[in-house]
Every structure is written in structure tokens, then in C-alpha cells.
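Opening the notebook on this one. I want to look up the core packing first, then the sheet and whatever sits on it.

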Amino acid sequence: MNSTLPPRKDEQVKTAVRNVLLGSAPERESELASLWSLLEPRFQLTADTYDGARLVMEAGMYRFVRFNHRVVRAFWIAGFAAWEAYRVVAETPEFEPLDLKRLAELIDAFERVLESDAPELEALPKDVPEPGHYDGNPQLRAPGELATLGVGWALLHEVRHLKHQQEGDSADPYEEDPTQRRNEEMSCDAFATKFLLDQLDAYAQRENVSSNLVRRKRELGIYFALFAMILLARDKWGASQTHPSIQARINAIRALMGSRRDEVAEAIASAAFATLHALMPGSPGIFPSPDDARSSTHKKDFAGESILKEMPCVLEWLKEKGLSALKSRYSRYEKDVDNFFSCDDPTSADGRVKFDKLTNSYTECLNIVLIHRAFRDEASQGFVDRLSKVADGQDHPDASSAGSSRDFLFELLIAARMSLSGYKIDFNKITDVVAENNEFLVFGECKRLSSEKKFEKNFKKAGKQITAQARAISQRVYGLVFLDVSSCLEGFPKMELPNVEEAQRAIHESLEAFVVRNASKIEQLAERFAEFSLGVCLMGQAPIWTQDGTLYMAARTRVVAPKSLSDEDFNSLKKILGGFSSSMLCLV
């Protein structure tokens, strides 16, 4: 935008801003209308350089909120950078170095926008659409939506400045002591944060969606705005004459989120900030405070409480599908959790039994919650039939007696991960998982091992099924064998590891040991079915308690391809499974 042009303040600009704010918190529509009437804000889209400033996001003169293309484009790229900073951690195998090339490219693009005289003409990195365009691929759509939420949060911050000005309690810009100005910034942060979070339950109820997931998304949008601020203030993160330090703002916002703040959103943000710290030493982040200490003896501090809160929605969803939800095993798991926390002596034999049931109940609840999140709106008969099989079965079977309910559960979990990787799932085929996108038709056969002795039998069965089904159609099929080998993993404790890193190390080493024990069989069988199968995905997971009383679901996937696989098919395999690792984190 030419720097000699006056700011745009037409109806189109006003409508665009209002749409961003309404899209960020639809349940606040009436309050937003009242604010509009009370404050009569004037939103102005300024030149790329305005009044000597290159970055424009400010409120002034009691009415005006000004911003320019440069700051909007910067927030947009920052959203993709924050997502990449999280993604690279989520998808990099433990003990391997992080590949930060893509993150560095995004930050370079961000800084080019800041420096350019025509920022809207600066080319965006590969796979980053123009601001406001949301890709169908969840891995590309998510950062765009979160970046837009971040812009909404920033605009709400500026609206609060107007309110301070009109109420007569705005900080004096000429006061020597910066305390009042810093306090006003904190006040505006608080207003924007509370506007997005305080009434989200009403929206969730109205739209019949999980309030936990709404909270997760909005908190991530706020964290992504803070990530953008870290990039904007590079190497100037401390307190200034006008603003508190960014670290102080992060801490204050986390405190505002309170005990209801979403652990998954915080984990994603923590990973993103920590990764950025590798490229920008000294940058702010999310650090534990004394209030974060957890006790393992009270249900209110139970690490799985957020999952249990979703179970009423899950039971209602099962009921809507025509299933006897209140008579199913899923209606009884919360009672098992309660029984442990009401136990007089958790160290007794009875306490041990109740502790094991608590762990198993959490695992079962987590799995059905993940399926609900992925397929909430799926209505096909094939899906409902499989879901009904999942809801049947014993509450707490051992691996050998789990039966078909857990077999179908494994199939649906694989389907969920493929769905979140951008594939359309066809539940009306005989194949366990049929997933298709514009490039690949994937047939997956899923087998859950009850013991290591049955490994070869299950692998052969899956390979034969893929071969028969692929030969029956003319279209090219990309087959994959998925084997759940969790019951075969040995040599790691299931409780009281020091931290989550040790939990992941334990599952990694145990799965690798399984691969070593069965290496020759794996290679032979992978080659045997190589005509129609790209390889085998060996999957292991286990609930592991850490010493601070937190329960983690540690999981690993090991992919083995036939040695004879062509370079073309190997690249296809990498593409097909490209979003597979991060898809489970998206679910969780």
C-alpha cells in the first residue's frame, strides 16, 4: 500500500475487522454490538509505512484502531512458524536432531515482510497460502485459523485501549514512571484473553461441540499471538518505557487462563516456544510456576481429568448413533477412577487393583474420545456398525481376551489418524481402513497382537487380505499393514519414570527391541507382500506414570519397508505417512 495514500477507513475495512472478531468469539455477538455502539470505533487500514512506523497496530484519539498489511501478513506467517516449531518436535523421532530448516525459512519470510517496502508483494514460503485462505489439509488449515485467532486477540487488545481512553483512565504517555503504561498493556491483554475464553462454554453448548476443544483452539490462538510478538520484538523482549516484558505478559496470560487452561494447548505452545529458543537464544517461553505443581492423590489434579470431562459428550454421541451408551463399558470407567481416589490406602493390594483399573480406564476413555473428535459427524452405516462393536466387550480384559471390540478400536484409531492426515475414509468397504486423497488410494489391514507368538500369523493374514482386495479392483492400491504390538513390549516400567522424556525413551527402546527380536520375520514378510504392500507399521503404546503423578500415553510407530521397494514407491510411502505422526497429536 503506497505510503503516500491516506488510511482506508471504509465499510469494507470495518466489516472485515468485525468478521474476524465475531469469528473468534461468536457467542459474544451482542456484547460486541454494545461495544461498537459505546465506543464507535473507526478501523483504519494504513499505508505500509505510516507516520514513520513500519509496523502499525495501535489505538489512539479515542476512536481509531489502525493497522497495516505488514502486521497482518506478519501475524499470518508467524502462525505457520509457530505450527512448524511444534510440528518438528512432534514428528521427529526421539534422540534425533531437529531439522529446523523449514522454521528458519518461515522466520526469514517473516523478517522480509518486516523489512520490505511492499510487504504484500513478498512471496510466501511453499505451502503458506495468502492470508485469509484456508487449505483443506488440516496441517495447513490449522496454522491459518490459529493465526487469524491471534489477529483477533490483538485487535481486541487495541479495542480495550480505546475503552481506557474514553473512560479517562488511560496511561499518561509523558509520565516518567512507565508503571502505569505497562499496567495498561496488561489490562488490554487481560481483556482480549477473557473476551475469547470466558463465555466459550455457551458457544460449545449451542454448537454441540466439546468445550475443551473450543478452549484448546482459542488458547492456542492466544499463544500464537504471543509467538508473533516474540518474533516482532526480536532481541528486545525485556520491559520498555511503554510495555512490560513479553515473558511477564506470557506469565500473566497463563495465570488468567487459570486451572482450566488446556494442557494440550500449553504443551503445543511450550514445544513451539522451546524450538524457537533454539534459533533465538534467550527468547521468552512457557516455564513452570509454583502453582503448576501437581498432586497424584486428588482427582481434581488427575492428569486425565480433561479427558473424563469429555465423556458425557461421548456417551450422548454414542446414544445418538443408536447405541446403548449408558449400558456400555464407557459409562462405567469414571466410577473406576473415582474408586481409586476414594481408596483409603492406595499402597494396599486393593489399592493396587484400583490403581490398575484407573490406568486402564483412562486409556479406554482416551481412545474413544479420540475417535469422537475425529468422526463426530460421520454417519455412514459402516462406521456405526464398527462403533457398535467397539462399545461392546469387557471393561478390563487382558490382551489375550480383549476380543473383537479392541480389534475394531484399533481400526478406528488408524482411520482417525489417516483422516486427520487429509484422507477421506470409506467405512463401507470390507477392508479395515480405506483412505483416499487426490493422489493415493490406501488399503490398510489392522491387526492387534495378543502375544508375540501370533506375530507371524497376523502379519501373513493382513498381507493376504491386502493382496486379495487390491487384485479385485483395477485402480492402483497402496497397501499398508498396521500391527499393534503393545502387548509384546517388554523391559520397561509402567510407572514412576522421572519425566515424559524417559517415558518416550522407554517405549522407543522397547519397540526397537521387538523389531530386533523379529527382524528376519519382518523383512521376509515385508518382501513377500511387496507387490501390493508398501510395508508394515509396527505400533506400540503404553500408559506410563511419571514421578510427579502425571499419566502419559507413550506411543511409538516403527515403519519397515521391503528392501525391493522402488524409489518411487518409497517416496509414496513417505508421502502417505507424512502427516501420520502428528495426526495423533492433533487428535490429542
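Started with L226, in what is a predicted model. Skipping its neighbours within four places in sequence, I find L226 in contact with W153, I250, I253 and F273.

Next I pulled up the largest nonpolar core, which has 80 residues. L226 is one of those with the most contacts inside this core, along with W153 and F227. Which helix gives the core its largest share? That is α3 (residues 69–91), with 13 residues. I also noted a second, separate core of 57 residues, with L318, Y362, L412 and F427 among them.

Then the sheet. It is open, has six strands in the order β4-β5-β6-β7-β8-β9, and its pairing is mixed. The edge strands, each pairing on one side only, are β4 (424–425) and β9. I checked β8 against β9: they run antiparallel and are joined by 10 bridges. For P543, the bridge partner in β9 is M553.

What packs on the sheet? Helix α17 (residues 455–471) does, touching β6, β7 and β8, and its direction makes about 155° with that of β6. So does α20, which touches β6, β7, β8 and β9, at about 55° to the direction of β7.

Last entry, α20 (residues 567–576). Its buried residues are D569, S572, L573 and I576. Why one side? They cover an arc of only 105° around the axis, so they end up on the same side of α20. D567 and K575 are exposed, on the face turned away from that buried side. Besides β6, β7, β8 and β9, I see the buried residues of α20 packing against α16 (404–420).

Notes
Residues numbered from 1 in each chain as written. Predicted model: local features only at pLDDT ≥ 70, side-chain atom pairs only at ≥ 80, totals over all residues. Heavy atoms only, no water. Core = buried A, V, L, I, M, F, W, Y, C linked by side-chain atoms within 4.5 Å. Buried < 20%, exposed > 50% of the residue type's maximum accessible area, 1.4 Å probe, protein only. Helix = DSSP H or I, 4+ residues; strand = E, 2+ residues; numbered from the N terminus. Contact = heavy atoms within 4.5 Å. Arc of directions from axis to C-beta. Pairing = 2+ DSSP bridges. Axes fitted to C-alpha atoms, helices over the stretch in contact; angles between N-to-C directions.
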